[in-house]
Amino acid sequence: MSAPVQQQLTADPDVTRTWIETLFGHASDCYLAVSAGFGGKLANRYYPVSTEGIEAAVRQVMAWDKESPSPQGIYLQSTLLRTPPPRGKRGGEAAVHAITHLWADGDYGTVGHKPGLDDLPHPSAAETVMKIVAASPLPEPTGWGWSGGGGNPIWMLSEPHIIADDDDRARLKALTMGWQKIIGAAAYRLGFTWDVEVGNLDRLMKAIGTVNRKADCPERPTAIGAAGGAIYDLAELAEIAARLLPEAEETLAQAARERQARRNKRLGITPPPPRPDRPRTPRPTGTEGPLDVLAEAFSPRDLLEAEGFTYQGQHGDGRMQFLRPTADGDRPSSAYSVLADDHVVVNFSERSGLPVGAQPPGGKLTVGTLYAHFNYGGNRSEAAQDIMRAAGGHQAGPAARLPQQVLAEVKRRCLKDSARGDAENLQAAPADDPWDGPQDEPPEAPDDTPTEPTDRLPDTFWNATPTLQQIRQMARARRTSPDAVLHAVLARVAAMADPTVRADNGIHQPATLGWYCGLFGPSGSGKGQAENTAEELTPFPAIDLAYIDISTGQGLIAAYLDLDIDPDDGDGKKKILVQKRTRGYALATEGSVLDAMAQMSAAATLNGVLCKAWMSERQGTSNAEVERRRALPKGAYTLSMSLGVQEEPAAKLLEMGSIGLPQRLAWAHATLGPDTPKQRPATTGPVTVTTRSGEDIPVTTWVSTLRNCTIPVPAHVTQELDELALEISFGRGSESPLDTHEPLWRVKCAALLALLHGRTSVATEDWDMATVMWQTSRKVRDTVQDAAKRRMRAEQDARRAEAVLTAVESQAAVYEVVNGVHPSVVNVAKRAYRYLIRKGEEVSARDVNRASVAAKDRDKYRASGAMDSLWTAALRYGCEQGWLVPLAEGALLAAGSVNPEQM
């Protein structure tokens, strides 16, 4: 069964009306909520659950659909409210009054919702979403809604459940969240990711019948899917969830550990040892501070939620995610604002009112520090004194609102006897106690401070010089990767360097500066935008530059040549190819170019030409006809190249490491990094240098004027390069073949960084920065290789699974040919007939299934190698024999006219 597909791109009032009536039509004395998303803001409307109210809700949905600009999505809240909340508010979970069904949300494909780098893939199609739900141990859904990118199974309740009190609300929340986990565990067992954080009681789900217009995605219709029609008691579903949840949580915990392991491997992180238990050393009365007591009474989550932060699920590293409070439509644009464990909060939002980033010891956002920030402007001393005043029974500020049991504990443990009733001494008592310090903080642990990605250039690199800061600012202003922009900038600077401009490492002959960079990322990740931004920063002057479209090796050489009169021809009529250009720049922003390089018959020629060009080695052919000979002398030309590559062609290129091209590439992520600011900075002008006359000119213009310039390196760099070259020659080259060009790579990089900063000699800081760029490039390259290995393993697993499935299906087919229909199929079909005869009426297929399938029959059936469901096979066979009759599209069954016992 597959999801229905609608062709209209406008909302369908009949479908929307049917969906609302299905979900809420049997409720009364409640309000339903509809919402529409416009540019990150929600418009909310509330209507009574009645014939007139539902019609009004449908009219509002149709009106929203016709607005210009159209809403990104129109939604229904999954639960009902007692009364509408105040204008401009949604009310949240506390306002939920009734529930009519359970729900789930299974995204499929990657349009509009790509999984994280370390997640398993989403189901590829609607059919896969249905298979996941069917594979879970949950009962069959009542029906399905298809949201234009996801499937929403629903389990309808026989009666709306009215929430009695907060305890009942908490039990209901546990049920809805647990329901998602059970399906999520089934998805993991099948190799897919599933969103288990959609069980909040005020959940908004796409209104079926509307159009999914998610930003940056094609418009997609929504539709009502096939319905089994089963209706359930809430107590029955709660019992099922309670029985299945423990195993599901164990499965999801294993999935989280595997995801964390994938993340650690991707980022090159060695996970820290488990945090040791922190046994509390009892202190004598009067030696503890009020913030210690507060840290025992509350968790960071308690304080955050009390201040309006909303829990958003678990982060990949195990910490809790929260979004900051919102006001006047100021909605967060990121997945979370703060991360919290049981002790410490790290804030990432400048609009949350908390310090940003990891804080030093003594200032970390622990319970005590959070309390002080939320109530006393961050003054821990004032917070502690106010708590002490409240505990002593004196006039206090915000601390007076603390629970009495907390204040009583502060009084017992923190106040000296002489100060418990003495207002004058109360002011001095805290000063004798160690409360105004970091004693409520956990011991230092490596995971308290977020680790910078090792495959991106760190902040210390970017802050090293104003020029680098300018490049990063421009990249952020254009919403592209600073790393990719910097490598493209270096390639453009190198393209302007005459072949007589060379880097001297003090050991070998000076080398030309041609630079190759590989900007790595999926389609649409910004590889072309990175090159465009680099062009703004480093515009080319008007010189005779060979612009090269990579196709073949001979074509690349020909870009430097033109036909000219042969000087040896006395008549002046014969023409030959003569080198006219000395500098070349190749640009390819599509990964298909490298794919062609890896597969085309002329790949060896092209790869060889590129490898030689990186070092300005001699190029050419010796055709018999002089006019067709193509040749470039050694050291008489340079080539720089900027390539945009996707994962598959990049992996293929790395597999060709023996040819030498991958060693020469500088790798960088073209995707935006996690440190991308939400607020775009201003754009900048080109990178400039100041000439001796005091004129500021683009650095590329200055470099293009240099001739016969040798760029030396410091003596200690020469010594380091000599040791590195020996190390590669005596073993590391065979162990790490992709690192064999490290010495020359780093020398070229350091020389280009020097030119970028207006210098013609390599300084120590240039060398240090080049070393950081090399290490980061290697990490990106390793990421590509790891991805290639994972894909290869997945393809192998898929081939093995297909082979096993084919073998099992063949076994089952042979069994049926040799032995006929399996006896378990016949037994179950007969048992279903007898059950229907006893009932004497139409019965739901689900109840017949439960009454007819015995464990022993199921075991025998599976042992035969059959892959389909025993009940499905029995139902099909029983209908073919006339024993069973399906009604209501298979939702109900009745006994047929043929008695199997008389056959």
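The questions and answers below cover one sheet and two helix pairs in a predicted model.

Residues are numbered from 1 along each chain as its sequence is written. In this predicted model, local features need pLDDT of at least 70, side-chain atom pairs count only at pLDDT 80 or more, totals for chains, interfaces and linings use all residues, and side-chain values use heavy atoms, with hydrogens and water left out.

User: Which strands are the edge strands of the open sheet of 5 strands?
Analyst: Strands are DSSP runs of E, at least two residues, and helices are runs of H or I, at least four, numbered from the N terminus. Two strands pair if DSSP finds at least two bridges between them. The open sheet has the order β20-β23-β26-β19-β27, with parallel pairing. Each edge strand pairs on one side only: they are β20 (546-548) and β27 (665-669).

User: Which residue in β26 stands opposite Ala586?
Analyst: Strand β23 covers residues 583-588 and strand β26 covers residues 638-645. They pair in the parallel sense over 6 bridges. Opposite Ala586 in this arrangement stands Met641.

User: Which helix packs on the sheet, touching β19, β23 and β26?
Analyst: Contact means heavy atoms within 4.5 Å. Angles run from 0 to 180 degrees between N-to-C directions, and axes are lines fitted to C-alpha atoms, for helices over the stretch in contact. The packing helix makes about 140° with the direction of β26. This is residues 527-537, helix α15.

User: Is α13 parallel or oblique to α14?
Analyst: Helix α13 (residues 466-477) and helix α14 (residues 482-496) have their axes 9 Å apart. They pack at an angle of about 120°. Angles under 35 degrees count as roughly parallel, over 145 as roughly antiparallel, 65 to 115 as roughly perpendicular and the rest as oblique. The angle therefore makes α13, relative to α14, oblique.

User: How many residues of the contact of α13 with α14 are nonpolar?
Analyst: Helix α13 contributes Leu468, Ile471, Arg472, Ala475 and Arg476, and α14 contributes Pro482, Val485, Leu486 and Val489. Ala, Val, Leu, Ile, Met, Phe, Trp, Tyr, Cys and Pro count as nonpolar, Asp, Glu, Lys and Arg as charged, and the others, Gly among them, as polar. The contact has no polar and 2 charged residues; the nonpolar count is 7.

User: How many residues of the contact of α25 with α26 are polar?
Analyst: Helix α25 (residues 823-839) and helix α26 (residues 845-852) pack at about 120°. Their contact is made by Val828, Arg831, Ala832, Tyr835 and Leu836 of α25 and Asp847, Val848, Ala851 and Ser852 of α26. It includes 6 nonpolar and 2 charged residues; the polar count is 1.
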